[in-house]
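I opened my notebook to look up a few things in this structure. Here is what I wrote down as I went.

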Amino acid sequence: MSSESVEEYLEAIYSFNERGELAKTTELARKLKVAPPSVTQMVQKLAEEGLVDYEPYKGTALTGKGMAIAQKVVRKHRLLERFLHDLLGIHKNKIHEEACKLEHNLSDEAAAALCSVMEQPETCPDDGNPIPPCPMDIEDCEQCAAVRGDGTFGLITELSNLKPGEWGVVSFVRGGTMACQRLMDMGLTRGARVRVVNAAPFSGPIEIEVRGTTLALGRGLASHVFIEFENGALVKERVHPHGPRHESEHGGWLN
Amino acid sequence: MGKSVIFNELTGLHQHVGNWPGKTVERAEGTLSFRGYTIDVIDLPGIYSLSTYSIEEMVSREYIAVEQPDALINVVDASVLERNLFFTLQLLELEPRMVVALNQIDMAQSKGISVDSERLSQLLGVPVVPTVAVKGVGLEELMARVVEASTRKMPSPPTIRYGREIEESIERLVDALRGLNTPYPRRWLAIKLLEGDEEIARLVYGLSPPVEEVVNGLREELERIHHHDVPSLIASERYAVANRIASEASSHVEPERTLGDRLDELTSHPVLGYVFMLGVIVAVFYGIFSFGDYVSGLMGEAFSWLRSVYEAQLGTGPVVTFVWDGLIEGVVAGITIALPYIAPFYVVLSVLEDSGYLARIAYLMDSAMHKIGLHGKGFIPVMLGFGCNVPACLGCRIMETERERLICAFVASLIPCAARSIVIMGLVAEYVGFQWAAVLYLLDFVLIFAMGRVAFKAVPGEPVGLIMEMPSYRAPSASVTAKRSWFRLRGFVYEAFPIMVAGNFVIQISSMLGLLDVVQNLLRPVTVLWLGLPAAAGVVLIFGVLRKELTLILLASLMGTSNFALILSPTQMFVFAFVVMVYVPCIATIAVLVKEFDYKKAAIISLAEIALAVVLGGVIYRVLPLLGLL
């Protein structure tokens, strides 16, 4: 399982999930131009790695960690599209394919520089989809230049993307002063370990464990909190309400 | 929260509930006699921090710094030690004479947490007393420590030390603040300025403008070193200290799965949770309404018997009748609503609150409430509104910010309360058909949805989402429930009764002076021409401001029959019920709105609702026949 093909799969699943749909096997097969059985096989592998939640006959959803990887690739992809289109003047029809090839080899630092040079574009040029948010704790491009050289970024995504059973560590909180203040007062400060216990349907709030207590947190607020997954750590504790907790370890192919 | 329980245990029934001056934050005050001392106890609002997030937080920190109480009791929940210590550390920065009540140690034990109170006391530098407030355990010892603390000359020292760079910035800022006269400790001011607290910034920069430059410089420097903004740095370090103290003073073993855990799983389940909630709500409403109906029936009989006795003794002269109609009837109205409907409502609410279920309801309803511009907690006042709008508007205090409170109160005042339901059921369901009553409710919900969206856009301020602690389930205590319901009921009586009596008096006087006929004629263009109702509806609607359920009885007596089919067409009934449902909240609700917000906001809400009722009522009157529906 090469990291490039994993990224392609997660990217494809992302494109369905971002519209609020589960990715169905047949649709994934069509999108990735592979046979449905190999999609099933790959999706099962990704599920074992804790990157997706796969429900037979229903479809696949990214876990928080899968989302973090997908967001990273999709962000590079869409920034590249903007760059190819806006700065290099390449035709809209061609940018997607070009970006697909470049995205896997673009460093995090270069992606951040692209974003900064184009003054934080918000959508990609061909279909107007939003570019996933900047994964750094910064307020403007000036700070970006100071921070982005520090090396590759971790796997970061919004807390609202985590599925029940997943956990990570708060990297930073971004948003209005009042919301940030409240979130930090309630213990969601940098370095705090957060585990998602439950998620209400209809994009309702999530229930999280942080600092020894359980909090209910609306999706909107949860999307202000950026969670980092520790590399090599156990990320997914499967929820088995009636049995012992089964923990799966992921491979070391990330980054 | 164990805080109010401790307060109630300490003061018993000797307490007085009011508001903080100029703020809509409840201030409960009581007295306690203890070993020859008479101690004034003040219940400060339950908060998690001393920032400016909510009005409660600002009231509390101002009180502690300005009033400088002889002693401060910080109630810490032993089962969530770390989060509570985060607040304790902030309190210590205000340098009060403090005692920590380490509460709910039984609850903590059942969660596998045992806390060493002596170690905690050493680490915090203040006395720590283990308590179980609901059972009164440890309160004697607590008060002994409080008396001791109050005689201490020196305040408790702030224990927390931040990282080196932050400490250096604080020191430099403390120097810059020298000579500044504020009630707050300088170190606390320095920390708040670094955190970017707007309230404190206004205060300090107003007194000494050059400080602003120092603060900005220090903040920039810290942000350059750490690559993170200062509020987040300080909060993280504070939590790190809280974490260190909590883990040094307590030990934790994995507990057995309790009944509460299983109940939690069921009640926040994505499907079963809603089924359970629906069951609870239906049971609550059915229970309260059938109980209320029965009891208010009995009371109605009792009062008419009393009236007959009264008239038999004093005759039925105009003065005698006026004394009853003008003065006593207002009290009767209050009693027949407050006792049968409101009292059981408060009891049930307190049980739901105490057991921890209310938080689950808020959790499940969050996404639905977002549709009307509120978050999950807003469902609780809305639910209360179906009983009576008065406790609903009072209940809006559970929302954290002024903005959320106002939107919530506006929405809650549109909820069809018990009185309005009586009109809808007695008129529309009875004479037009049950499905039309359902249509009315549906119309109201659409209206609430639309007006909620409008208010969400129109009210200024940053909208905030749901964030709340999910308490563990526990068995509610009977004495806590009884006391809390009693205090709330008493509050309602103080709040609503005078207005009901006064309002009733004014209208009876106007009726005697013949003013009502004048008003009826003045209203004719609206009632008769636009809404298509009989002219008598004008007077009825005015009386309805007092008590909406009386509109039906009054209409019957003015029209000379209680068979509404003879005097009103189905369309008229529908329009009448709609107008009664939407137009101006009753006078008691208006009074609460004035008290919770101000005259201007109460007037805007009332006028908006009158306009809505009249405009839409006329539209419905014209549209229904056009569609061939009625």
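Is Cys388(B) buried or exposed? I looked up its relative accessibility and found 12%. Cys388(B) therefore counts as buried, since the cut-off for buried is under 20%. I kept in mind that this is a predicted model.

**Entry: cysteines**

Next I asked how far the sulfur of Cys388(B) is from the closest cysteine sulfur. That closest sulfur belongs to Cys586(B), and the distance is 6.2 Å. A disulfide needs two cysteine sulfur atoms within 2.5 Å. So the sulfur of Cys586(B) is too far from that of Cys388(B) for a bond.

I then checked the count of disulfides over all chains, and it is zero. Cys134(A) is in no disulfide either. For Cys134(A), the nearest cysteine sulfur is that of Cys115(A), 6.1 Å away. I also looked up the accessibility of Cys134(A): at 17%, it counts as buried.

**Entry: chain A on its own**

I turned to chain A. It has nine helices and ten strands. Of its 255 residues, 53% count as buried. I also looked at contacts in chain A between residues at least 6 apart in sequence. Of these, 65% join residues at least 24 apart.

**Entry: where chain A meets chain B**

How many residues does the contact take from each chain? I found 38 residues from chain A and 39 residues from chain B. The area buried between the two chains is about 3,500 Å². Carbon and sulfur atoms give 56% of that area.

I wanted to know which three residues of chain A supply the most. They are Met178(A), Arg182(A) and Arg211(A), with 20% of the area that chain A buries against chain B.

Arg211(A) came up again when I looked for salt bridges. The rule finds two across this interface. In one salt bridge, the side chain of Arg211(A) meets that of Glu82(B), at 2.4 Å from N to O. I also looked up polar contacts across the interface and found 14 residue pairs, with both residues at pLDDT 80 or more.

Which elements of chain A touch chain B? I noted α8 (177-185), β5 (193-199), β6 (206-210) and β7 (213-217), each supplying at least two residues. α8(A) gives the most, with eight residues.

Last, I sorted the side of chain A that touches chain B by class. I got 18 nonpolar, 13 polar and seven charged residues.

Methods: Residues are numbered from 1 along each chain as its sequence is written. Chains are lettered from A and ligands numbered from 1 in the order in which they are written. This is a predicted model: local features need pLDDT of at least 70, side-chain atom pairs count only at pLDDT 80 or more; totals for chains, interfaces and linings use all residues. Side-chain values use heavy atoms; hydrogens and water are left out. Buried means under 20% relative accessible area, exposed over 50%, partly exposed in between (1.4 Å probe, protein chains only). Contact means heavy atoms within 4.5 Å. Buried area is the accessible area (1.4 Å probe) that two parts lose on being put together, summed over both. A salt bridge is a side-chain nitrogen of Lys or Arg within 4 Å of a carboxyl oxygen of Asp or Glu. A polar contact is a pair of N or O atoms within 3.5 Å; within protein, one must be able to donate a hydrogen and the other to accept it, and residues adjacent in sequence count only if both atoms are side-chain atoms. Helices (H or I, at least four residues) and strands (E, at least two) are DSSP runs, numbered from the N terminus. Ala, Val, Leu, Ile, Met, Phe, Trp, Tyr, Cys and Pro count as nonpolar, Asp, Glu, Lys and Arg as charged, and the others, Gly among them, as polar.
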